[in-house]
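Open the viewer and switch on the cartoon view. We will go stop by stop, selecting a few residues each time.

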Amino acid sequence: MARDTTDQTPLSSVQELTDYIAAGNKPRERFRIGTEHEKFAFFRADNSPVPYFGDASISALLTGLQKKSGWEPILDGSNIIGLAEQNGMGAISIEPGGQFELSGAPLETIHQTCKESNQHLATLREIAEPMGIRFLGIGGSPKWTYAETPQMPKSRYEIMTRYMPKVGTKGLDMMYRTCTIQVNLDFSSEDDMRKKMRVSMKLQSLATALFASSPFTEGKPNGLLSWRGDIWRDVDNRRSGLLDFTFRADFGFRDYAEWALDVPMYFIVRNGRYHDCTHVTFRQFMNGALKGEVADPSPTMGDWTNHLSTLFPDVRLKRFLEMRGADGGPWRRICALPAFWVGLLYEDAALEAADELTKDWSFAEVSALRNAVPAEGLQAEFRGHALLEMAREVVAISKAGLKARGKLNGEGQDESIFLAPLDEVLAKKATLAEDLLSLYHGRWQGSVEPVFEDYQY
């Protein structure tokens, strides 16, 4: 999220919170695809991380992009922390450790998504190249310690950094040393949201396996294929992971709002200042818990919107659904991740097939799979078989869904071509993480340094 919201509409009931989420319902013809991707900025000379301040820095990159693009700067105090497209369609933001993120505009096709990310990377490289800066596309920081990783001057991150060690063992690694590719997708009704949430929650670990690309930590193999996936097992389990109530047949918008109400807050913003609110839940806030602590203690719609953005389940519900399970990766995967989920969720027959395939998967089974995948990837066992077998079936459903969306889309080719990276994974029976480990033990001669050259954008 590039900008925290300051909508001052007062709140007084849980129904208003529920209605806010339900207002995301839209007709199919207005369905869009919003793709986000993060990458590690590094200096080409020595593969060191890029700090926020300085002539060659994260702030200099943002300032250069602002001048070139004309996008509106987003400030935290006097510091530039992001850019917003003038029409509010897209944004650029920085993650806590300087990971550079494009939050793409809501687009109609994967072809447009690929063009968008390609244009962004090309423009970014124009600004970064004279500074000696490049960008790495994998899921976990392969070399830098937490102490070596820069910290961005963003108020919400300061609050999170203080809070994370209180609620889990890996929250700081999540914030500072991981990257992801995500896609945001629409729903037409509560029933449509329910089905899409149910299917994608169950299949998120399969996506983690398919996109695993974080096998290194601090210069050596970490014993995992998705270090990022393992990190998410102990970040803050009150606000992240699988949500058991989404497995119920009658799950709806109100259930998600009720769950969110009982998750501790991070902050509220008043007159541009961030107030640490990690000691209260949103429900307690609604009941007056901040009276006497802040000048304006009554909840607003902006507070609710910001709170929803600080919840981290494997699939996040706002006015759209966010697929959160995948590691970051090379450019082709920025296209493959949205293609995978669009194929499954945006075409009726594919969604029905995926729902039928997963309908009797229990919460316990999916939880066990989520725990196994970070280390075992596609070889994790599910119902007596390697997950690889299930992955083939699910990718086939996605491919059929993409083809059914229309083979041309005005671009001359259907969208299923963007699943090619996943076809390669399935054909080789090996994830990108396993490819990286083979290189480490082979051509790279026990060093992670070449990853910066071989997997840069």
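Is Leu185 buried or exposed? Select Leu185 and look. With a relative accessible area of 2%, Leu185 is under the 20% cut-off, so Leu185 is buried. Keep in mind that this is a predicted model.

**Stop 1: around Leu185**

Leu185 belongs to strand S8, residues 181-185. Now show what surrounds Leu185. Setting aside residues up to four places away in sequence, Leu185 touches Arg32, Ile33, Phe320, Leu321, Trp341, Val342, Leu345 and Tyr346. Next, add Gly24 to the selection. Leu185 and Gly24 are 161 residues apart in sequence, yet their C-alpha atoms are 10 Å apart in space.

**Stop 2: strand S5 and its partners**

Select residues 91-94, which make up strand S5. Both faces of S5 are covered. Ala91 and Ser93 lie on one side, Ile92 and Ile94 on the other, and all are buried.

Now add residues 79-84, strand S4. S4 and S5 run antiparallel and are joined by 3 bridges. Find Ala84: it stands opposite Ala91 in S5. The two strands form a hairpin with 6 residues between them. In that turn, click on Gly88, which has a positive phi of about 75°.

Add residues 100-103, strand S6. How many bridges pair S5 and S6? There are 4 bridges, again in the antiparallel sense. Ser93 stands opposite Glu101, and Ile92 stands opposite Leu102. S5 and S6 also form a hairpin, this one with 5 residues between the strands. Gly98 in its turn has a positive phi of about 90°.

Stay on S6. Phe100 and Leu102 point one way, Glu101 and Ser103 point the other way, and all are buried. Then add residues 33-43, strand S1. S1 runs antiparallel to S6, with 4 bridges joining them. Pick out His37, whose bridge partner in S6 is Leu102.

**Stop 3: Ile58**

Move to helix H2, residues 58-69, where you will find Ile58. Ile58 counts as buried because its relative accessibility is 0%. Which residues does Ile58 contact, leaving aside its neighbours within four places in sequence? They are Ala41, Val50, Pro51, Tyr52, Ile94, Gly98, Phe100 and Met152. You have already met some of these names: Ile94 is in S5, and Phe100 is in S6. For a longer view, select Gln456 as well. Ile58 and Gln456 are 398 residues apart along the chain, and their C-alpha atoms are separated by 17 Å.

**Stop 4: the nonpolar cores**

Ile58 is also part of the largest nonpolar core, which has 116 residues. The residues with the most contacts inside this core are Ile58, Phe100, Leu210, Tyr256, Trp304, Phe340 and Trp341. Colour those seven. Now show helix H11, residues 331-345. H11 supplies the largest share of the core, 10 residues. A second, separate core has 20 residues, including Leu136, Cys179, Phe452 and Tyr455.

**Stop 5: helix H8**

Select residues 253-261, helix H8. Its buried residues are Phe253, Tyr256, Ala257, Trp259, Ala260 and Leu261. What do they pack against? The partners are helices H1 (14-22), H6 (190-210), H9 (282-286) and H10 (301-308), plus strands S14 (312-313) and S15 (315-317).

Zoom in on Tyr256. Not counting residues up to four places away in sequence, Tyr256 touches ten others you can label: Ile21, Met197, Leu243, Phe245, Phe251, Leu308, Leu311, Pro313, Arg316 and Leu317.

**Stop 6: helices H12, H14 and H15**

Select helix H12 (residues 348-358) and helix H14 (residues 387-404). Their axes come within 9 Å and cross at roughly 160°. H12 and H14 are therefore roughly antiparallel. H12 passes H14 in a left-handed crossing. On the H12 side, the contact is made by Ala350, Ala353, Ala354 and Leu357. On the H14 side, look for Met390, Glu393, Val394, Ile397 and Gly401.

Keep H14 and add helix H15, residues 420-428. These axes come within 11 Å and cross at roughly 155°. That makes H14 roughly antiparallel to H15. This crossing is left-handed too. To finish, show Leu388, Ala391, Arg392, Val395 and Lys399 in H14, which meet Leu422, Asp423 and Leu426 in H15.

How values were computed: Residues are numbered from 1 along each chain as its sequence is written. This is a predicted model: local features need pLDDT of at least 70, side-chain atom pairs count only at pLDDT 80 or more; totals for chains, interfaces and linings use all residues. Side-chain values use heavy atoms; hydrogens and water are left out. Buried means under 20% relative accessible area, exposed over 50%, partly exposed in between (1.4 Å probe, protein chains only). Two strands pair if DSSP finds at least two bridges between them. Contact means heavy atoms within 4.5 Å. A nonpolar core is a set of buried Ala, Val, Leu, Ile, Met, Phe, Trp, Tyr and Cys residues joined through side-chain atoms within 4.5 Å. Axes are lines fitted to C-alpha atoms, for helices over the stretch in contact, and angles run from 0 to 180 degrees between N-to-C directions. Angles under 35 degrees count as roughly parallel, over 145 as roughly antiparallel, 65 to 115 as roughly perpendicular and the rest as oblique. A crossing is left-handed if the near helix is turned anticlockwise from the far one by less than a right angle, and right-handed if clockwise.
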